[in-house]
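Biologist: Please show me the model, and then let us discuss how its chains are arranged.

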Amino acid sequence: MTEYLQLATCDYPEHVPADRPAIYAKQQRELGLTYVRLAEFAWSRMEPRQGEFDWVWLDEAIDAYQAGGLKVVLCTPTPTPPAWLICAHPEILPYDEQGRVREFGSRRHYDFASPIYREHSRRITRAIAERYGEHPAVVGWQTDNEWACHNTGRSYGGASAAAFPAWLEAKYGSLEQLNTAWGNVFWSMEYTDWAQIKPPILLVTEPNPSHVLDYYRFCSSLIASFQAEQVAILRERSPGRFVTHNFMIFESGFDHYEVAKGLDFVSWDNYPTGMLEFFAPSGQSDDIKTHFARTGHPDLIGFNHDLYRGMLKGKEGLGRQGAGTPSGPWVMEQQCGQVNWAPFNPLPARGAVQLWTAQAWAHGVDVVSYFRWRAATMAQEVMHSGLLRHDETPDRGYEEVKALKLSDFPLGEVPAKVALLHDYDSLWLYDAQKHSASMSYWTQTVTYYMALRSLGLDVDILHSDADLSGYKVVVAPALTLISAEQARQFSALAASGTKLVFGPRTAFRTPGGETWSEGQFGPMSDLIGAKLLQYDSLRPGLTQSVKYGEGTFAATDWAESYRLSGARALASYVGGPLDTQAAVIRKGHVTVIGAHQQELIGTVLSEILMNVGISVETLPDGVRLSRRAGKTLLQNWNPHPVKWQGRLLAPVSFTVLDA
Amino acid sequence: MTEYLQLATCDYPEHVPADRPAIYAKQQRELGLTYVRLAEFAWSRMEPRQGEFDWVWLDEAIDAYQAGGLKVVLCTPTPTPPAWLICAHPEILPYDEQGRVREFGSRRHYDFASPIYREHSRRITRAIAERYGEHPAVVGWQTDNEWACHNTGRSYGGASAAAFPAWLEAKYGSLEQLNTAWGNVFWSMEYTDWAQIKPPILLVTEPNPSHVLDYYRFCSSLIASFQAEQVAILRERSPGRFVTHNFMIFESGFDHYEVAKGLDFVSWDNYPTGMLEFFAPSGQSDDIKTHFARTGHPDLIGFNHDLYRGMLKGKEGLGRQGAGTPSGPWVMEQQCGQVNWAPFNPLPARGAVQLWTAQAWAHGVDVVSYFRWRAATMAQEVMHSGLLRHDETPDRGYEEVKALKLSDFPLGEVPAKVALLHDYDSLWLYDAQKHSASMSYWTQTVTYYMALRSLGLDVDILHSDADLSGYKVVVAPALTLISAEQARQFSALAASGTKLVFGPRTAFRTPGGETWSEGQFGPMSDLIGAKLLQYDSLRPGLTQSVKYGEGTFAATDWAESYRLSGARALASYVGGPLDTQAAVIRKGHVTVIGAHQQELIGTVLSEILMNVGISVETLPDGVRLSRRAGKTLLQNWNPHPVKWQGRLLAPVSFTVLDA
Amino acid sequence: MTEYLQLATCDYPEHVPADRPAIYAKQQRELGLTYVRLAEFAWSRMEPRQGEFDWVWLDEAIDAYQAGGLKVVLCTPTPTPPAWLICAHPEILPYDEQGRVREFGSRRHYDFASPIYREHSRRITRAIAERYGEHPAVVGWQTDNEWACHNTGRSYGGASAAAFPAWLEAKYGSLEQLNTAWGNVFWSMEYTDWAQIKPPILLVTEPNPSHVLDYYRFCSSLIASFQAEQVAILRERSPGRFVTHNFMIFESGFDHYEVAKGLDFVSWDNYPTGMLEFFAPSGQSDDIKTHFARTGHPDLIGFNHDLYRGMLKGKEGLGRQGAGTPSGPWVMEQQCGQVNWAPFNPLPARGAVQLWTAQAWAHGVDVVSYFRWRAATMAQEVMHSGLLRHDETPDRGYEEVKALKLSDFPLGEVPAKVALLHDYDSLWLYDAQKHSASMSYWTQTVTYYMALRSLGLDVDILHSDADLSGYKVVVAPALTLISAEQARQFSALAASGTKLVFGPRTAFRTPGGETWSEGQFGPMSDLIGAKLLQYDSLRPGLTQSVKYGEGTFAATDWAESYRLSGARALASYVGGPLDTQAAVIRKGHVTVIGAHQQELIGTVLSEILMNVGISVETLPDGVRLSRRAGKTLLQNWNPHPVKWQGRLLAPVSFTVLDA
């Protein structure tokens, strides 16, 4: 039996009079929603004082939703430790990058390393799981909420600072090993006692990138173990329910692959317009921000869908729970009106909520949950929209959801033929030494993704360690940190006939954060058949021309050239300090693109794809194709109509095509 | 007998040799000055060590000014507690928004809540009042100096932090009430002990706006009570003298209406060029800054004149003191050359000092006091001009003052037929959740003021609680916080036939800082005959067209639309997500303008004004009309000549017309 | 016998395997290098734990370099106190301007006033000097590294804060004197106890500039005495070797003239591309940054060469040590590829390394030492280039150095006929009260330097107290702080027939930081024959026209006018508030240029120079002439060819001409 996309919402019975859940549940069901997510911030209502639990309001709410025909996703309320807990144990509070305590009064005010907070996290998780773990309406769990939001992935003092030396000792065994691995001889930074090692903040000048890298890994491990403690309790007390977490947009505060382990599937929170304000790639970013102000940029959203869809790839067999629910991923929070947290918060275009929903489906999402049911009438988020307005009338998003035809959206596979590789170690190290104020790991990576999407391709985003057999083409835009083992895997892959495409700065750095003493590409030098010749950080206004075939492309931001030792140059620089040097090179199945320029990247990729029989279609700006379950979603994200292949695509619209 | 504008200056006998006051007094009198303000920063000279007073220098100075024919305004020297006091009681020091102590070494380094500082404030006030309270030359007092300057309106730690819980307890009675009023259920922010409540700083993310709003109210109440202690002493020890305070430009750090209570009249400090650098409204602000660089913008200045003229409206009967002095307001510090504190500090245009003086008169000011007599030769303000240069020669401003003919400027009423409403609660709440980086309460409010001034109207700026009977038209640009009682008052006003005009976000929020659960316009929904449909935060480059009559206007920054329930649409949006929705609505005497666009606002206002028989004249940019005491001041603020109604207006000039 | 330019490099044997120094030394010698600088950051390798010294690695390295034919410059390793020292004595750490401790983990983490650190500084200096002081390969010493880098010239707490009052007491004797000198009566800032005086940070608003000025002087004196302790030990233990220090680009953190005293010669670290990103003068700075992105700006570099060449002028007789080495100055670190620390780090143009080397020679440098030999493979500077790449292959710079012909570059005098005056007191006071966000002491000073260099002049940059006899023209662009003694010296100089040219704000302030109570030009008023009339801070977009001869110039940023009392106006303002006022004035041999405009400055200077028989040649943008030892270096810094005087100058190139 074909399953279809399902819908949900996030609701807050604790914010409204007690009669509302029953009314809301009825409306939600009429709107076609299946699930409701509850209680991720409700600790002070569950446990108003330590050990005094009040479940009545939540019992009644869950019963009301159940009676209304909705299935419930519950959350551990740990993002918001209550005042009584912080007052009793202020050492729970985290520290910011300026070394200051981050105070009570909003959310996420805790340090993942705090032993006392861990104890309370387990305690409240156990309490809620015991209360509702086997409630028939409860089908799954969300751990906490948006790990690392508001830069809370890392605390720079207190409990985290105290725990860092032991983590290092466990990793390195001896200070000699650590000093060597970090290159601490540089600037006499060698430690003689584990206790001397602090978080890399408030230094006189920049920190050692190896120090940063290990601090980031350490902090990531804290989130993973914090969550694992909750998951273990939920597995025990709430059998047969799924456990997920709602990850965030382009969040860099931890290794998502590490933290996602042990979940049944991942979810993420999709806020397209706010995302665009914050994450538009460099270049003409303000024009892009204005053009797509009311929809967000399709590829920024798509990137996150594809990232989260691929996050547990190959690990689906492990602990899949949640009888009767689709296997994910979910969009746990889907913007359905204006948000409140960007510098500017425009109203979405007419049709945008439908387009976002359809796109989510086409990129592999099984459930879309709108945030939030009714706009909050109090506190920090009153300017954020919901499906209902403050006065409980249906807002624009409601009407768009109502008009959705879910049978247009069958579940099934996304037939991606191209894998794009990503890892957080590379992200952290790249951004620790960007060498250019206009470049970053995300900018470089997303540029390749955009080039692929502009060619009409479906893309799987995978960790660089993932099993890549089955892909004809693998694109690794920015894997600056490469281990010898990864190099061997790439060699094997190339030997098997897979086309590999790498971007600049590939294999520049070791897992410890140094450079390869044999120079870029380190252990991949033979595979690539070249070494780095020069790299060039291009300030705004400075470009470097690349001649490729008949075309000339003006690289911006970054340009690398290569010394060939087996590879051949497909493109060379013209003029400037890199004149005549190799810009794009190939050896066998392996191609490296050294110049940053989206059209050049697209042209190179296009030829590789066509050579292996993957058809490409160069799409107009803002027009996108996405495929799932034998259907194709044709999308126009532009605020104006577009003529394409004999069709007139209405502004901000989509069509589901067969095949 | 007709009274005329009088002039004054601020002088600092403690900065100059002892022979200077006699010389300066003679020059001041020759220049036509009547008053001299003294001693607002002179505590360390009055009391070099605790309990050791030295009055000789001030006795002699006051006697010299008296002998020269000047009347003296004295100040309490509390803006600058001396080193010996801070050293003995460092707990007097205030805290900044980063939680750091603000150190001794400039001025305003005290916390209004400090009990020890309050004791010393009363002690020094009593001492100076006893010494000079009945001195025949002393006609009035200024309390302290520029409340809240340099963000000192609020201390975020120390004494203020310690006093906040008790203030809250007095206001709310119980934590349950407070938690409900603030909506603390959101994000589990519910308190269980008063002592848990801190100033809203150093949080993980944004604070609860209700928390902010009450902290701002609390801090404002501290300034009010701090001043009240001084005023009580001055009233007792210096009978028959006025007490005033010199307020600042667009200062948001406290509720001016609350703090002004108990004064005889208000004064303010008028620095047109620096003001323009800091407060130009958004939009093409840099062009405006350059165009008016040498005069400031007439409406930014005029707004402050009208604000302070209206501040004690209806309270004039209370405690008017100061025999023989005009009843105010005063400009206590009037820029008379370049200032020193803006990013750029251009020289005023020729004629600017005269134009500022004439404008002050025309907007109701009775005394203009130039800051300062002689430019300081030491310390923080050496780059600030005075009437005399460092070398005691007359500077440009001196020559302009000398050429003024005071008999052109008779005192009398400003015949404003329009009231523009303002309140600080709305300002604080609006700016706590601006929803758009380019909008603010002041920008929205001043845009309406500019629209009125562009039509040649005189305007009274009044608190939203003021008695508004007698105005044919009342404009409330940005009253986002509305109480049920205020709603009733507006209804009564409309019922009486007064035309009411509201801007966007009106009546969106409750006095507690939440939204009305019945939605915007809350308790004014019936009066307005509509509810909010959508609001749109427009990023730069994004506009929303509005069709009004024959005209089309491109709204920027903000656009709201409405659901009608009694009102009718006067204008609708065209295109974009608000297409066809109501942009300007009217029910009976009540009009709401939902789109931010100055020309649209002007057009709507113009029609309303003409309908009630108030004549309007659309003025060229930079040309303004202001009326007082049967005269009209025609002003050209442009650096170029303007032809208008058959006249050629010279650059930076004015003419006093009869009627 | 003619001596020629010599070359060197900075190498780090502690960063590489033990076999490398021998290999590197051979390569260095083959490349034509004479010196190698070692060990400025190697404390943790010299003394891994307190009192445990390990000299083996350094013994072997020095021996290897010696065997390879290189002479060694050793450094005191005090920029990087090791972890064991900081852990034992955390009170060594400095404080930043926000009052926070600056932590261990990078470099320069010490307070110059720390008694315990001074003890360790002397101890490690003595240890290394005893070990290598008379080693035959060791020819000289560098103290520490880059004083004040990363804003470490001043610590704002801890040891420095504790020592400040005693320094003040020694300077002023009594608090009365200090209060008078600082003008502390302003804002009641008078101190009653030395212990009340703190560093001028975390104040409510701006600090007293006199307070700032004395804090800067105090901090400068700490660096001077810190270095003097090391120099005394080196003199004693390492006779016959030179002692130098590698100063930085446009560093403002201390008085270089004071700190340079006692050295044999000064060195500096020349990073042209990073310098341009940080120090481009205001105006169209971004265009300049892009145009010269791959070479840096010739005049920014030249300014520093000329500054350091003149730093010990007249003091060469004192303690010249270092048998067999040229007498300096050196470029101790010369960029030879991309740097890593600017917002953008473009690759140098082809030929840039040669051009920088040739320019250094032509401006008086005797030794150019490339930073660094091999690019670091670890830690903070992996993105910084060296002569060798990470993989030890020769990088672009290496090839350029190899192609240099040193016999083109004979040592000898720079025949500068013009002196440009500079002092750090004026810099500090000017920038403490800039009065314009677009102006600064360096911008004003460098503009005059550029004007002179655009006329083809060689320039000596000298302290305002230097012996100036022998110069026909002396240009003092921004001496805002002038003592009565300096005024007398200028009078004597003018009386002797020297042409003096002053820029705006000259002689505005006293040595205490006040203004002259007789007004600008204070004690120079008679000499100049004028007084200040007005000064005008011009915001972007606002200009002030100046008519000079047939030309009209649009002054930006700053314009001053004068009242004449003996001087005559050479140029006057046209229009605006300064209309008809004197802009450029002259009395006898003294000229003052009140308007900021490079072409105007050039025109005025050009006439003065021609009048005294100094020939000028107006050079195209980016083309420069520099003379030394009877040769002329013709340079084209543009990225495009330039035709000039019948020659076609290749992009980024130079020619050495005879005479």
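The questions and answers below concern confidence, symmetry, contact and core.

Modeller: This is a predicted model, in which local features need pLDDT of at least 70, side-chain atom pairs count only at pLDDT 80 or more, and totals for chains, interfaces and linings use all residues. Residues are numbered from 1 along each chain as its sequence is written, while chains are lettered from A and ligands numbered from 1 in the order in which they are written.

Biologist: What pLDDT does chain A average?

Modeller: The pLDDT is the predictor's confidence in each residue, from 0 to 100. In chain A, 99% of the residues score at least 70. The average for chain A is 96.

Biologist: Which kind of axis relates the two copies, chains A and B?

Modeller: Copies are superposed by least squares on the C-alpha atoms of residues with pLDDT of at least 70 in both. Chain A falls on chain B after a rotation of 120 degrees with 0.0 Å of shift along its axis, at an RMSD of 0.0 Å. The two copies are therefore related as by a three-fold rotation axis.

Biologist: How many residues does each chain give to the contact between chains A and B?

Modeller: Two residues are in contact if their C-beta atoms, placed from the backbone, lie within 7 Å. The contact takes 41 residues from chain B and, from chain A, 50.

Biologist: Where in chain A does UniProt place the feature "domain: Beta-galactosidase trimerisation"?

Modeller: The UniProt entry is unreviewed, and annotations may be inferred rather than shown by experiment. It places this feature at residues 416-608 of chain A.
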